[in-house]
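User: Could you take a close look at the cysteines in this one for me? I'd like to know which of them are bonded and how they sit.

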Amino acid sequence: TVESRAIGPNMTACHHSYGRPDLLVYCCPPGFEKSVPFVDFELPEPPSPVKVRRPAHLLDESFIVKYNKALSIMKSLPYDDPRSFARQAELHCQFCTGAYEQLNYSDTPVNIHRTWLFFPWHRMMIYFHERILGSLIGDDSFALPFWAWDIPESMPMPDYYVDENSAFFHTERDFSHFPPRVADLDYTTDQNHPHRSNDEQIDVNLKFMYTQMVSGARKTELFMGCTYRANDGYCDTTGTVEHAPHNTLHTWLGSSLNPGREDMGKFYSAAKDPIFYAHHSNIDRLWEAWRKINNRRLDITDPDWLDSFFFFYDENLKLVKIKVRDVLDITKLGYSFEEVDHPWLNHRP
Ligand code: C2O
């Protein structure tokens, strides 16, 4: 028998971590030192309705009102409550800055970016986030929208995020990138980075998507990120889409007035911005799109990936242990994505 080298956190070993090379942060949950009983993940039982995630630019007003209400309640929960918005944001801080040690390997942090854990960990995070939002308003059909920045009509930030009177608004953003400005999917803060008209940008974006999703992503590691095993050191290589548009849009969204373009511009602070969740809902959808383009032939089958595990609080305040293998079938997880066209599929550069 081969020893498993699946990654997982030691939940009683959390510490300060670096949010930027020059910034020490502390995002450990209160009372982490005491171990808390947990349950193993179970798939949601039918007959709960399928949650259909819809494109953010096509939402109707009644959905926005409902989501705004759920998010406002979540933001009003006390910090002690792991369902609170502040604590949801801290989850991201913990796993993106290496705040936890690996189980059985002290001094070796768990880091989910720039590795093959990127897609599954974020899927888990927003899965629980979505269920908590639904339960706060007693609606088990509630589904997170996705910001489809890969299709032309949805390339600007969705309007409801810039409504100052809503729970979606966030001050720590780059206001010069507000709608109708089209997102720059390969944005850099480099001084020589071209400034394009919206039409030019759309064309560049579509070709870029083709590269990131198709021509540059024909091997598993190219899309999924590098192989990362327990006690191996941090492998530290992004997949195509993780690098861009994922990282680049984080930068594009965050405020140019902050040293790391916080909040979206740095991972320790990113999930404090409500747009984080619509951004990741689209990332989650593109993972499914890539699997479909390749007829699932490039899916990872390595047990060290499949058995890597994390812990999340669910909508009933139960701590749940969940493995990567638990989140590979979104139908079983009870959600789906409304179909949208993929115009980038025929935009080979
Ligand atoms: Cu964990 Cu969009 O980052």
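Analyst: Here's a walk through the disulfides, pair by pair, and then the cysteine that is left unpaired. First, the ground rules: this is a predicted model, where local features need pLDDT of at least 70 and side-chain atom pairs count only at pLDDT 80 or more, while totals for chains, interfaces and linings use all residues. Residues are numbered from 1 along each chain as its sequence is written, and side-chain values use heavy atoms, with hydrogens and water left out.

Searching the whole structure turns up three disulfides, a disulfide being a pair of cysteine sulfur atoms within 2.5 Å. Number the bonded cysteines in sequence order and the pairing reads 1-3, 2-4, 5-6.

Start with Cys 14 and Cys 28, which are joined at an S to S distance of 2.2 Å. This pair links distant parts of the chain, 14 residues apart: Cys 14 is in strand β1 (residues 9-14), and Cys 28 is in the loop between β3 (23-25) and β4. Those labels come from DSSP runs numbered from the N terminus, with helices being H or I of at least four residues and strands E of at least two. The link is left-handed, with -90 degrees about the S-S bond. How much of each cysteine is accessible? Cys 14 has a relative accessible area of 8% and Cys 28 comes in at 4%, so both are buried (buried means under 20% relative accessible area, exposed over 50%, partly exposed in between, with a 1.4 Å probe and protein chains only).

Next door in sequence number is Cys 27, bonded to Cys 93 with the sulfur atoms 2.2 Å apart. Cys 27 lies in the loop between β3 and β4 and Cys 93 in helix α2 (residues 85-96), so this disulfide ties together parts that are 66 residues apart in sequence. The torsion about its S-S bond is about -75 degrees, which makes it left-handed. Cys 27 is buried at 1%, and Cys 93 is buried too, at 2%.

The remaining pair is Cys 226 and Cys 235, whose sulfur atoms are 1.9 Å apart. Here the torsion is about 75 degrees, so the disulfide is right-handed. Cys 226 counts as buried at 12% relative accessibility, whereas Cys 235, at 23%, is partly exposed.

That leaves Cys 96. Its sulfur is 5.4 Å from the closest cysteine sulfur, the one in Cys 93, and that's too far for a bond. Cys 96 is buried as well, with a relative accessible area of 10%.
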